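Got a few minutes to go through a fold together? Here's a quick round of questions and answers.

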Amino acid sequence: MLCGGSRVLQHLSDHNHHNSIGLGLGFCGAKIVQLSSFFLRPSQAMAKSHHFSHKLRQRMISSFGSHCRTSGEVPILHNCFSQREDDPELPVEGLSPVSGGIVALGKFDALHIGHRELTIQASRIGAPYLLSFVGMAEVLGWEPRAPIVAKCDRQRVLTSWASYCGDRAPEEYEIEFASVRHLTPRQFVEKLSKELRVCGVVAGENYRFGYKASGDASELVRLCEECGITACIINSVMDMKQGSAKRDSGDSKDRGQVSSTRVRQALAAGDMRYVSELLGRAHRLILRVRTQDMPSERMISVPRSSILNLPPGIGIYKACLLLVGDESSVPCTVVVDTSNIHVETEERSQE
(Lines give C-alpha, C1' and ligand atoms only; values in the text may rest on other atoms or scores of the structure.)
Protein backbone atom coordinates (compact mmCIF):
# COMPACT_ATOMS: atom_id res chain seq x y z
CA MET A 1 0.00 0.00 0.00
CA LEU A 2 1.08 3.62 -0.10
CA CYS A 3 2.45 3.48 3.43
CA GLY A 4 5.10 0.99 2.46
CA GLY A 5 8.80 1.85 2.47
CA SER A 6 11.31 3.14 4.96
CA ARG A 7 10.23 6.78 4.63
CA VAL A 8 7.23 6.18 6.90
CA LEU A 9 8.99 6.41 10.24
CA GLN A 10 6.26 6.91 12.79
CA HIS A 11 2.97 5.28 13.68
CA LEU A 12 0.17 6.52 15.92
CA SER A 13 0.80 3.70 18.36
CA ASP A 14 4.11 5.38 19.14
CA HIS A 15 2.11 7.98 21.11
CA ASN A 16 0.52 7.39 24.49
CA HIS A 17 -2.65 9.15 23.39
CA HIS A 18 -4.86 8.82 20.34
CA ASN A 19 -3.96 10.97 17.35
CA SER A 20 -6.10 11.36 14.29
CA ILE A 21 -6.11 13.69 11.35
CA GLY A 22 -9.36 14.22 9.48
CA LEU A 23 -9.66 15.39 5.92
CA GLY A 24 -11.94 17.88 4.28
CA LEU A 25 -11.68 17.38 0.53
CA GLY A 26 -12.85 20.14 -1.78
CA PHE A 27 -12.37 21.13 -5.36
CA CYS A 28 -12.24 24.91 -5.42
CA GLY A 29 -11.28 27.14 -8.31
CA ALA A 30 -7.65 26.03 -8.14
CA LYS A 31 -8.41 22.44 -7.10
CA ILE A 32 -7.68 22.44 -3.41
CA VAL A 33 -7.71 19.51 -1.03
CA GLN A 34 -8.37 20.62 2.51
CA LEU A 35 -7.59 18.51 5.53
CA SER A 36 -8.88 19.18 9.05
CA SER A 37 -7.23 17.48 12.00
CA PHE A 38 -9.56 16.59 14.83
CA PHE A 39 -10.43 13.75 17.16
CA LEU A 40 -12.63 11.45 15.16
CA ARG A 41 -15.86 10.08 16.55
CA PRO A 42 -16.39 6.59 15.06
CA SER A 43 -20.02 7.35 14.29
CA GLN A 44 -18.99 10.41 12.32
CA ALA A 45 -16.44 8.44 10.33
CA MET A 46 -19.12 6.12 8.97
CA ALA A 47 -21.73 8.72 8.15
CA LYS A 48 -22.94 9.52 4.65
CA SER A 49 -20.05 7.96 2.72
CA HIS A 50 -21.97 6.59 -0.27
CA HIS A 51 -21.61 8.07 -3.73
CA PHE A 52 -18.42 9.89 -2.72
CA SER A 53 -16.45 9.45 -5.93
CA HIS A 54 -19.40 10.56 -8.06
CA LYS A 55 -19.89 13.78 -6.08
CA LEU A 56 -16.16 14.40 -6.00
CA ARG A 57 -16.04 14.67 -9.76
CA GLN A 58 -19.39 16.28 -10.47
CA ARG A 59 -19.42 19.37 -8.32
CA MET A 60 -17.42 22.11 -6.71
CA ILE A 61 -17.38 21.45 -3.02
CA SER A 62 -16.59 23.43 0.08
CA SER A 63 -14.97 21.70 3.01
CA PHE A 64 -15.32 21.76 6.72
CA GLY A 65 -13.85 20.35 9.89
CA SER A 66 -15.05 20.14 13.46
CA HIS A 67 -13.37 19.93 16.83
CA CYS A 68 -14.27 17.12 19.16
CA ARG A 69 -15.24 19.45 21.98
CA THR A 70 -17.89 21.29 20.02
CA SER A 71 -21.24 19.82 19.15
CA GLY A 72 -23.66 20.83 16.46
CA GLU A 73 -21.45 23.61 15.13
CA VAL A 74 -19.43 22.76 12.03
CA PRO A 75 -17.64 25.71 10.44
CA ILE A 76 -17.89 25.63 6.65
CA LEU A 77 -15.17 26.89 4.34
CA HIS A 78 -16.63 28.16 1.10
CA ASN A 79 -14.64 28.41 -2.12
CA CYS A 80 -11.44 30.00 -0.92
CA PHE A 81 -10.75 31.43 -4.35
CA SER A 82 -14.15 33.02 -4.82
CA GLN A 83 -12.48 36.40 -4.29
CA ARG A 84 -8.97 37.27 -5.33
CA GLU A 85 -6.67 37.56 -2.33
CA ASP A 86 -5.03 40.66 -3.79
CA ASP A 87 -8.36 42.45 -4.18
CA PRO A 88 -9.52 43.22 -0.63
CA GLU A 89 -12.64 45.25 -0.09
CA LEU A 90 -11.75 48.89 -0.60
CA PRO A 91 -12.33 51.25 2.32
CA VAL A 92 -14.24 54.49 2.09
CA GLU A 93 -11.98 57.04 0.42
CA GLY A 94 -9.85 58.90 2.93
CA LEU A 95 -10.52 56.51 5.80
CA SER A 96 -8.26 53.76 7.10
CA PRO A 97 -9.90 50.31 7.02
CA VAL A 98 -9.29 50.08 10.78
CA SER A 99 -10.40 53.64 11.56
CA GLY A 100 -12.30 53.73 14.84
CA GLY A 101 -11.44 50.12 15.64
CA ILE A 102 -9.46 48.31 18.32
CA VAL A 103 -6.41 46.53 16.91
CA ALA A 104 -4.78 43.46 18.40
CA LEU A 105 -1.02 43.58 18.01
CA GLY A 106 1.18 40.53 17.50
CA LYS A 107 2.51 37.95 15.06
CA PHE A 108 -0.51 35.96 14.01
CA ASP A 109 0.99 32.96 12.24
CA ALA A 110 -0.94 30.21 14.01
CA LEU A 111 -4.11 32.10 14.98
CA HIS A 112 -3.98 30.13 18.24
CA ILE A 113 -5.98 30.56 21.46
CA GLY A 114 -3.65 33.31 22.68
CA HIS A 115 -4.37 35.32 19.55
CA ARG A 116 -8.06 34.61 19.97
CA GLU A 117 -7.94 36.01 23.49
CA LEU A 118 -6.50 39.26 22.13
CA THR A 119 -9.45 39.60 19.76
CA ILE A 120 -11.91 38.78 22.55
CA GLN A 121 -10.51 41.62 24.64
CA ALA A 122 -10.53 43.95 21.62
CA SER A 123 -14.19 43.13 20.95
CA ARG A 124 -15.10 44.17 24.48
CA ILE A 125 -13.83 47.67 23.72
CA GLY A 126 -14.88 48.17 20.11
CA ALA A 127 -14.68 46.69 16.61
CA PRO A 128 -11.87 44.07 16.72
CA TYR A 129 -9.04 43.90 14.18
CA LEU A 130 -5.80 41.97 13.89
CA LEU A 131 -2.89 44.09 12.73
CA SER A 132 -0.59 41.74 10.84
CA PHE A 133 2.77 42.44 9.26
CA VAL A 134 3.60 40.88 5.90
CA GLY A 135 7.03 40.41 4.39
CA MET A 136 8.91 40.00 7.69
CA ALA A 137 10.81 36.92 6.52
CA GLU A 138 12.08 38.64 3.38
CA VAL A 139 13.10 41.82 5.20
CA LEU A 140 14.80 40.04 8.10
CA GLY A 141 16.39 37.32 5.97
CA TRP A 142 14.57 34.41 7.59
CA GLU A 143 14.45 31.03 5.89
CA PRO A 144 11.17 30.57 3.99
CA ARG A 145 8.75 28.23 5.76
CA ALA A 146 5.19 27.12 5.31
CA PRO A 147 2.59 29.06 7.30
CA ILE A 148 0.61 27.23 9.97
CA VAL A 149 -2.66 28.55 8.53
CA ALA A 150 -3.01 28.71 4.75
CA LYS A 151 -3.63 32.24 3.51
CA CYS A 152 -6.94 31.31 1.90
CA ASP A 153 -8.09 29.70 5.16
CA ARG A 154 -7.43 32.59 7.55
CA GLN A 155 -10.81 34.22 7.01
CA ARG A 156 -12.58 30.99 7.94
CA VAL A 157 -10.69 30.87 11.23
CA LEU A 158 -11.45 34.50 12.06
CA THR A 159 -15.11 33.97 11.20
CA SER A 160 -15.21 31.06 13.63
CA TRP A 161 -14.13 33.45 16.41
CA ALA A 162 -17.27 35.57 16.05
CA SER A 163 -19.08 33.65 18.79
CA TYR A 164 -16.30 34.65 21.22
CA CYS A 165 -16.40 38.29 20.12
CA GLY A 166 -20.02 39.30 20.56
CA ASP A 167 -21.05 37.77 17.23
CA ARG A 168 -18.61 40.05 15.40
CA ALA A 169 -15.83 38.32 13.50
CA PRO A 170 -12.49 40.11 13.80
CA GLU A 171 -10.99 41.40 10.58
CA GLU A 172 -7.36 41.25 9.58
CA TYR A 173 -5.49 44.30 8.33
CA GLU A 174 -2.05 43.84 6.81
CA ILE A 175 0.85 46.28 6.79
CA GLU A 176 4.08 45.78 4.88
CA PHE A 177 6.74 45.20 7.52
CA ALA A 178 9.29 47.16 5.50
CA SER A 179 7.16 50.29 5.90
CA VAL A 180 7.30 50.19 9.72
CA ARG A 181 10.55 48.40 10.45
CA HIS A 182 12.57 51.53 11.19
CA LEU A 183 9.89 53.34 13.19
CA THR A 184 10.67 54.16 16.79
CA PRO A 185 8.09 53.06 19.39
CA ARG A 186 6.66 56.60 19.42
CA GLN A 187 6.48 56.80 15.63
CA PHE A 188 4.72 53.45 15.50
CA VAL A 189 2.05 54.51 17.99
CA GLU A 190 1.63 57.81 16.16
CA LYS A 191 1.07 55.85 12.95
CA LEU A 192 -1.67 53.88 14.67
CA SER A 193 -3.27 57.02 16.07
CA LYS A 194 -2.85 59.60 13.31
CA GLU A 195 -2.59 57.60 10.10
CA LEU A 196 -4.66 54.49 10.83
CA ARG A 197 -6.89 56.38 13.27
CA VAL A 198 -7.51 53.46 15.58
CA CYS A 199 -9.27 54.05 18.89
CA GLY A 200 -7.22 51.57 20.87
CA VAL A 201 -4.83 48.62 20.94
CA VAL A 202 -4.67 45.27 22.73
CA ALA A 203 -1.38 43.44 23.23
CA GLY A 204 0.10 40.67 25.33
CA GLU A 205 2.33 41.33 28.31
CA ASN A 206 5.42 40.22 26.37
CA TYR A 207 4.73 42.37 23.31
CA ARG A 208 7.72 44.22 21.84
CA PHE A 209 7.55 46.84 19.12
CA GLY A 210 9.50 49.60 17.42
CA TYR A 211 12.89 49.45 15.75
CA LYS A 212 14.87 46.47 17.03
CA ALA A 213 11.95 45.69 19.38
CA SER A 214 13.01 48.52 21.65
CA GLY A 215 9.54 49.18 23.08
CA ASP A 216 7.72 47.00 25.59
CA ALA A 217 4.15 46.74 26.88
CA SER A 218 4.56 49.44 29.52
CA GLU A 219 5.91 51.88 26.96
CA LEU A 220 3.01 51.02 24.65
CA VAL A 221 0.56 52.01 27.40
CA ARG A 222 2.38 55.28 28.06
CA LEU A 223 2.62 56.27 24.40
CA CYS A 224 -1.00 55.38 23.70
CA GLU A 225 -2.10 57.55 26.61
CA GLU A 226 -0.09 60.46 25.23
CA CYS A 227 -1.68 59.95 21.80
CA GLY A 228 -5.16 59.73 23.23
CA ILE A 229 -5.96 56.11 22.43
CA THR A 230 -6.81 53.18 24.67
CA ALA A 231 -4.25 50.50 25.47
CA CYS A 232 -5.12 47.15 27.03
CA ILE A 233 -2.37 44.72 28.07
CA ILE A 234 -3.48 41.18 28.85
CA ASN A 235 -1.76 38.26 30.52
CA SER A 236 -0.38 35.53 28.31
CA VAL A 237 -2.53 32.46 27.74
CA MET A 238 -0.48 29.70 29.29
CA ASP A 239 0.10 26.24 27.84
CA MET A 240 -1.75 24.09 30.37
CA LYS A 241 -0.27 20.85 29.03
CA GLN A 242 3.39 21.77 29.19
CA GLY A 243 3.26 24.10 32.21
CA SER A 244 6.63 25.02 33.63
CA ALA A 245 8.19 21.97 32.00
CA LYS A 246 7.91 23.59 28.59
CA ARG A 247 9.37 22.26 25.40
CA ASP A 248 12.86 23.44 24.58
CA SER A 249 11.81 25.90 21.92
CA GLY A 250 15.03 27.90 21.88
CA ASP A 251 12.91 31.01 22.32
CA SER A 252 14.14 33.25 25.13
CA LYS A 253 10.65 34.80 25.37
CA ASP A 254 9.04 31.41 25.98
CA ARG A 255 7.82 31.38 29.57
CA GLY A 256 5.26 28.66 29.10
CA GLN A 257 2.70 30.62 27.08
CA VAL A 258 0.82 29.31 24.06
CA SER A 259 2.79 30.28 20.97
CA SER A 260 3.08 29.60 17.26
CA THR A 261 6.44 27.95 17.99
CA ARG A 262 4.71 25.39 20.19
CA VAL A 263 2.13 24.72 17.50
CA ARG A 264 4.93 24.03 15.01
CA GLN A 265 6.65 21.70 17.47
CA ALA A 266 3.44 19.79 18.16
CA LEU A 267 2.78 19.39 14.43
CA ALA A 268 6.32 18.15 13.86
CA ALA A 269 5.77 15.57 16.61
CA GLY A 270 2.48 14.48 15.04
CA ASP A 271 0.68 15.25 18.30
CA MET A 272 -2.64 16.32 16.80
CA ARG A 273 -4.48 16.36 20.12
CA TYR A 274 -1.98 18.88 21.47
CA VAL A 275 -2.17 20.91 18.26
CA SER A 276 -5.95 21.18 18.61
CA GLU A 277 -5.61 22.28 22.24
CA LEU A 278 -3.20 25.07 21.27
CA LEU A 279 -5.29 26.22 18.32
CA GLY A 280 -8.66 25.82 19.97
CA ARG A 281 -9.88 24.20 16.76
CA ALA A 282 -9.02 21.57 14.19
CA HIS A 283 -5.83 22.12 12.21
CA ARG A 284 -6.60 22.30 8.51
CA LEU A 285 -4.03 21.31 5.92
CA ILE A 286 -4.60 22.53 2.37
CA LEU A 287 -3.04 20.94 -0.70
CA ARG A 288 -3.15 21.65 -4.41
CA VAL A 289 -4.41 18.62 -6.29
CA ARG A 290 -4.19 17.89 -9.99
CA THR A 291 -5.98 15.17 -11.93
CA GLN A 292 -2.78 13.12 -12.10
CA ASP A 293 -2.58 13.23 -8.29
CA MET A 294 -5.62 10.91 -8.14
CA PRO A 295 -4.45 7.55 -9.52
CA SER A 296 -7.71 5.92 -8.45
CA GLU A 297 -11.06 6.79 -6.95
CA ARG A 298 -9.76 5.93 -3.50
CA MET A 299 -6.30 7.49 -3.57
CA ILE A 300 -4.73 10.93 -3.65
CA SER A 301 -0.96 11.38 -3.68
CA VAL A 302 0.64 14.80 -3.89
CA PRO A 303 4.23 16.06 -3.55
CA ARG A 304 5.15 18.33 -0.64
CA SER A 305 5.49 21.19 -3.12
CA SER A 306 1.68 21.13 -3.31
CA ILE A 307 1.31 21.96 0.39
CA LEU A 308 -0.04 25.44 1.15
CA ASN A 309 0.56 25.25 4.89
CA LEU A 310 2.36 23.18 7.50
CA PRO A 311 1.59 19.44 7.60
CA PRO A 312 1.97 17.14 10.61
CA GLY A 313 5.18 15.18 11.02
CA ILE A 314 6.17 12.06 9.13
CA GLY A 315 3.90 9.19 10.05
CA ILE A 316 0.75 7.18 9.42
CA TYR A 317 -2.49 8.80 10.58
CA LYS A 318 -5.31 6.29 10.82
CA ALA A 319 -8.97 6.72 11.78
CA CYS A 320 -9.20 9.79 9.56
CA LEU A 321 -12.27 11.27 8.00
CA LEU A 322 -12.65 12.62 4.49
CA LEU A 323 -15.38 15.26 4.46
CA VAL A 324 -17.13 16.19 1.23
CA GLY A 325 -19.14 19.40 1.45
CA ASP A 326 -21.82 19.10 4.09
CA GLU A 327 -23.34 15.90 2.75
CA SER A 328 -20.90 12.99 2.96
CA SER A 329 -17.87 11.74 4.82
CA VAL A 330 -15.51 8.86 4.17
CA PRO A 331 -13.10 7.09 6.54
CA CYS A 332 -9.52 7.22 5.32
CA THR A 333 -5.84 6.98 6.21
CA VAL A 334 -3.24 9.69 5.69
CA VAL A 335 0.45 8.98 5.23
CA VAL A 336 2.99 11.78 5.48
CA ASP A 337 6.47 10.91 4.28
CA THR A 338 9.56 12.92 3.40
CA SER A 339 8.40 13.66 -0.14
CA ASN A 340 4.64 13.23 -0.39
CA ILE A 341 1.24 13.31 1.26
CA HIS A 342 -0.93 10.26 0.56
CA VAL A 343 -4.64 9.86 1.25
CA GLU A 344 -6.49 6.58 0.87
CA THR A 345 -10.20 6.24 1.54
CA GLU A 346 -11.53 3.01 2.99
CA GLU A 347 -13.45 0.73 0.67
CA ARG A 348 -17.12 0.74 1.57
CA SER A 349 -19.23 -2.35 1.36
CA GLN A 350 -22.41 -2.12 -0.69
CA GLU A 351 -25.62 -2.17 1.35
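Q: How many disulfides does the structure hold?
A: This is a predicted model, where local features need pLDDT (the predictor's confidence in each residue, from 0 to 100) of at least 70 and side-chain atom pairs count only at 80 or more, while totals for chains, interfaces and linings use all residues. Residues are numbered from 1 along each chain as its sequence is written, and side-chain values use heavy atoms, leaving out hydrogens and water. A disulfide takes a pair of cysteine sulfur atoms within 2.5 Å. The count here is zero.

Q: Is Cys152 buried or exposed?
A: Buried means under 20% relative accessible area, exposed over 50%, and partly exposed in between (1.4 Å probe, protein chains only). Cys199, at 41%, is therefore partly exposed. Cys152 has just 10%, so call it buried.

Q: Which class does the ring pair Phe133 and Phe188 fall into?
A: Rings of Phe, Tyr and Trp (its six-membered ring) pair if their centres lie within 6.5 Å; planes under 30 degrees apart are stacked, over 60 edge-to-face, the rest tilted. These two have centres 6.2 Å apart and planes at 50 degrees, so the pair is tilted.

Q: And what about Tyr207 and Phe209?
A: Both of these residues are buried. Their ring centres are 5.8 Å apart with planes at 5 degrees, so this pair is stacked.

Q: Over which ring does the charged end of Arg116 sit?
A: The test wants NZ of Lys or CZ of Arg within 6 Å of the ring centre and within 35 degrees of the ring normal. Arg116 is 4.1 Å from the centre, and the ring belongs to Tyr164.
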